[in-house]
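Colleague: Before the assignments are accepted, I should like to examine the grounds on which each of them rests. May we go through them in turn?

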Amino acid sequence: MQSERKFHFKSEDKELTVTILEVVDPQYGLFTWPSAVILAQYVWYNRNDLKNKHVIELGSGTALPGVLAALCGANVTLTDGEQYPNCLENCRKTCAINGLKNICTTALTWGSFSKILLELPKFDLILGSDCFYDPKDFDNILATVAFLLDRNPTGEFWTSYQERSADWSIEMLLRKWNLECRHISLTSFGGDDENIAGSDLVNNHSIQMLVITRLGN
Ligand SMILES: C[S@@+](CC[C@H](N)C(=O)[O-])C[C@H]1O[C@@H](n2cnc3c(N)ncnc32)[C@H](O)[C@@H]1O
């Protein structure tokens, strides 16, 4: 069963509502995760820098951060794994109900150096919320990110994740892929506000926000 969830972003000078389509389904990418709300809040906080930027979202799922970036004026490509075409179909419908006509959606599996990946243009910004939820995928995610940042070494990967185990770490893998990361304090961008965008999704979840770049950039 399909439903609509609305997120209202507000500041002194601007207000914007994003409508996200969700499906009651056990599949991870058909409902919005708390990390997506945090990453979207970071996108909203940085909205003035996004106009005309080329942005790709990895593991988009219901694509709240990517759709918000597009509504803030970025040229956005939404992606999800090749094995999840229904996520991309859901993204296309979400784009349509938000009046986004020129947004690109494409299958992109982490760690797969497919023709699709090789033919992608260069991006200023990579987004990814709650991609780091299964350690078996961490190396593949960073392989894709490293490839995209090779195309544009000054690009950044903005990613939020939910803390599920104190044992999980990407530090070694960052070194392997010649990447480094900065932890962004939630307080610095309103990520610790109650009911971000009018949503209670984040309540009681411990979420981290990272900016990953090429080592030395
Ligand atoms: C936990 S969900 C997060 C979805 C969305 N970003 C959010 O925060 O609401 C993980 C997403 O990663 C996608 N995914 C899982 N494995 C993948 C893979 N190997 N390559 C690309 N995407 C994948 C899933 O389809 C899903 O959309």
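**Grounds for the assignments**

Modeller: Strands β3 and β6 run parallel and are joined by three bridges. The model is a predicted one.

Colleague: What makes β3 and β6 a pair?

Modeller: Two strands pair if there are at least two bridges between them. Three bridges join β3 to β6, and one of the matched positions is E57, whose bridge partner in β6 is L127.

Colleague: How do you know that β3 and β4 are paired?

Modeller: The threshold of at least two bridges applies here as well. Four bridges join β3 (residues 54-57) to β4, and the two strands run parallel. V55 has V76 as its bridge partner in β4.

Colleague: Which strands make up the sheet, and in what order?

Modeller: The order is β5-β4-β3-β6-β7-β9-β8, seven strands in an open sheet with mixed pairing. The twist from one strand to the next averages 20 degrees.

Colleague: Why are β5 and β8 called edge strands?

Modeller: Each of them, β5 (104-107) and β8 (179-184), pairs on one side only. β5 has its bridges to β4: four of them, with the strands parallel. Within that pairing, D80 stands opposite A107.

Colleague: How does the chain pass from β4 to β5, and what is the hand of the crossover?

Modeller: The chain goes from β4 through α3 to β5 in a right-handed β-α-β crossover. Helix α3 (residues 85-97) lies across β4 (75-80) and β5, and runs at about 175 degrees to β5.

Colleague: What makes a β-α-β unit of β3, α2 and β4 right-handed?

Modeller: With the strands pointing away from the viewer, the path from the first strand over the helix to the second must run clockwise. The unit formed by β3, α2 and β4 is right-handed. β6, helix α5 (residues 135-151) and β7 also make a right-handed β-α-β unit.

Colleague: What joins β6 to β7?

Modeller: Five bridges join β6 (residues 125-129) to β7 (residues 156-162), and the strands run parallel. Among the matched positions, I126 has F157 as its bridge partner in β7, and S129 stands opposite S160.

Colleague: What makes β6 a mostly covered strand?

Modeller: Five of its five residues are buried. On one side these are L125, L127 and S129, and on the other I126 and G128, so that both faces of β6 are covered.

Colleague: Why is β4 described as largely enclosed?

Modeller: Five of the six residues of β4 are buried, so the strand is largely enclosed by the rest of the structure.

Colleague: Why is helix α2 described in that way?

Modeller: Eight of the eight residues of α2 (residues 64-71) are buried, so the helix is largely enclosed by the rest of the structure. The buried residues are L64, P65, G66, V67, L68, A69, A70 and L71. After α2 comes G73, whose phi is positive, near 105 degrees.

Colleague: Is A63 buried or exposed, and how do you know?

Modeller: A residue is buried if 20 or more other C-beta atoms lie within 10 Å of its own. A63 has 35 C-beta neighbours inside 10 Å, and therefore counts as buried. A63 lies in the loop between β3 and α2, and has a positive phi of about 70 degrees although it is not a glycine.

Colleague: Is N52 buried or exposed?

Modeller: The limit for an exposed residue is 12 or fewer such atoms. N52 has 8 other C-beta atoms within 10 Å, and is therefore exposed. N52 is in the loop between α1 (34-45) and β3. Phi of N52 is positive, near 65 degrees, in a residue other than glycine.

Colleague: What makes β1 and β2 a pair?

Modeller: At least two bridges are required, and nine join β1 (residues 2-10) to β2 (residues 15-23), which run antiparallel. E4 stands opposite L21 in β2. The hairpin from β1 to β2 passes through four residues.

Colleague: Which residues come nearest to the ligand, and how is the shell composed?

Modeller: G29, A36, G59, G61 and G81 come nearest, out of 21 residues around the ligand. The shell divides into eight nonpolar, ten polar and three charged residues. Glycine is counted as polar in this division.

How values were computed: Residues are numbered from 1 along each chain as its sequence is written. This is a predicted model: local features need pLDDT of at least 70, side-chain atom pairs count only at pLDDT 80 or more; totals for chains, interfaces and linings use all residues. A residue is near a molecule or strand if its C-beta atom, placed from the backbone, lies within 6 Å of it. Axes are lines fitted to C-alpha atoms, for helices over the stretch in contact, and angles run from 0 to 180 degrees between N-to-C directions. Two residues are in contact if their C-beta atoms, placed from the backbone, lie within 7 Å.
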